[in-house]
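Open the model in your viewer and keep the sequence panel visible. The tour below goes stop by stop, saying what to select and what is there.

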Amino acid sequence: MTDTPAGSFAEHGYVRLAGFHPRARMMAIRRKLLDEVQRVSGRGLPGALRGLPVFQQIGRLSSMVQYPDLHEALMSRELLDLVAHLAGRPPAVVQDAQLLLSPPRQGAWTLAGLNWHVDVKAGPRDRLPGIQAFFLIDDVAEQGGATLALAGSHRHAPRTPQAAALRERLRAPGDLLRNLRELDIDVVEMAGRAGDVYLMDMRVLHTPSVNATPHMRMMATSRCLLDA
């Protein structure tokens, strides 16, 4: 079952497509983004981020940097066909791709105090609401600010004892990874190489993470919603 992308997606709630986009395409986007970062830096970018909580820095930086036609460069017909295959039907709405940029050296990497969430309201139990794509525009190292996901958390439907147990484990002190493994859930760090794409069941709990490296985190995301 899990030997195929569909099997892995159904069991774990995500699938990694290594090298889906050509590296040369991602490097061209990366260069343009760095030029744009330089432009906004001259308009007070460091000051705009100073004093903000770590995760608000991501939203502010990403909103200041512009890249026309980003969606067309990333959300290819081939990828949409794969999304439709995993979902069992084509998406009704595909939201424009949004940048996910994290400044470097945000502090020490940690699993404490993270904002585990989903981006859609709870729907009928066991019904897939959509698939979210995460694109690596540049190489993203471990502890480099990649989105984190709780693989398997899509199996814990909202307002059930299983979901309550999961939330309790997320709040409990001690070894979070061990606590989650007892529920058959793993923390997945969406690190990798430029051109990699992660597709995630939108019922999966996920969160931004701290970028502890000296390099900017360059990713983007797009949500493919199955109902309008």
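**Stop 1: the sheet around strand 5**

Select strand 5 (residues 148-151) and strand 6 (residues 186-189), which pair in the antiparallel sense over 4 bridges. Strands are DSSP runs of E with at least two residues, helices are runs of H or I with at least four residues, and both are numbered from the N terminus. Two strands count as paired if DSSP finds at least two bridges between them.

Before going on, note that this is a predicted model, in which local features need pLDDT of at least 70 and side-chain atom pairs count only at pLDDT 80 or more, while totals for chains, interfaces and linings use all residues. Residues are numbered from 1 along each chain as its sequence is written, and side-chain values use heavy atoms, with hydrogens and water left out.

Now label the partners across the strand 5 and strand 6 pair. Ala 151 stands opposite Asp 186 in strand 6, and Ala 149 has Val 188 of strand 6 as its bridge partner.

Add strand 8 (residues 206-207), which runs antiparallel to strand 5 and is joined to it by 2 bridges. Here Leu 148 stands opposite Thr 207. With strand 8 shown, the 3 strands form an open, antiparallel sheet in the order 6-5-8. Strand 6 and strand 8 are at the edges with a single partner strand each, so one side of each has no neighbour in the sheet.

Show the side chains of strand 5. Which residues point one way from strand 5, and which the other way? Leu 148 and Leu 150 point one way, Ala 149 and Ala 151 point the other way, and all are buried. Buried means under 20% relative accessible area, exposed means over 50%, and partly exposed lies in between (1.4 Å probe, protein chains only). In a regular strand the side chains alternate between the two faces of the sheet.

**Stop 2: helix 7**

Keep strand 5 on screen and select helix 7, residues 161-171. Its buried residues include Ala 163, Leu 166 and Leu 170. They cover an arc of only 60° around the axis (taken from the directions from the helix axis to the C-beta atoms), which puts them on the same side of helix 7. Turn to the face away from that buried side to find the exposed residues Pro 161, Glu 168 and Arg 171. Strand 5 and helix 8 (176-181) are among what covers the buried residues of helix 7.

Zoom in on Ala 163, which has a relative accessible area of 15% and is therefore buried. Leaving out residues up to four places away in sequence, Ala 163 touches His 156, Ala 157 and Pro 158; contact means heavy atoms within 4.5 Å. A distance to check is the one between the C-alpha atoms of Ala 163 and Ser 153, which are 8.3 Å apart, with their positions 10 residues apart along the chain.

**Stop 3: helix 2**

Select helix 2 (residues 23-41), which has 19 residues. From its first C-alpha to its last it reaches 26 Å, close to the 27 Å expected at 1.5 Å a residue; the expected span is 1.5 Å times one less than the number of residues. Met 26, Met 27, Ile 29, Leu 33, Glu 36, Val 37 and Val 40 are buried in helix 2. Among the elements covering the buried residues of helix 2 are helix 4 (54-64), strand 3 and strand 9.

**Stop 4: salt bridges**

How many salt bridges does a search of the whole structure find? It finds 13, each being a side-chain nitrogen of Lys or Arg within 4 Å of a carboxyl oxygen of Asp or Glu.

Select Asp 196 and Arg 16, which form a salt bridge with their closest N and O atoms 2.6 Å apart. This pair links distant parts of the chain, 180 residues apart: Asp 196 is in the loop between strand 6 and strand 7 (197-201), and Arg 16 is in strand 1 (residues 14-17). Asp 196 is buried at 3% relative accessible area, whereas Arg 16 is partly exposed at 40%.

Next select Asp 81 and Arg 77, whose closest N and O atoms are 3.7 Å apart in their salt bridge. Both lie in helix 6 (residues 77-87), 4 residues apart, about one turn of the helix. Asp 81 is partly exposed at 43% relative accessibility, and Arg 77 is exposed at 57%.

Finish with Arg 23, Asp 139 and Arg 193, which are linked in a network of salt bridges.
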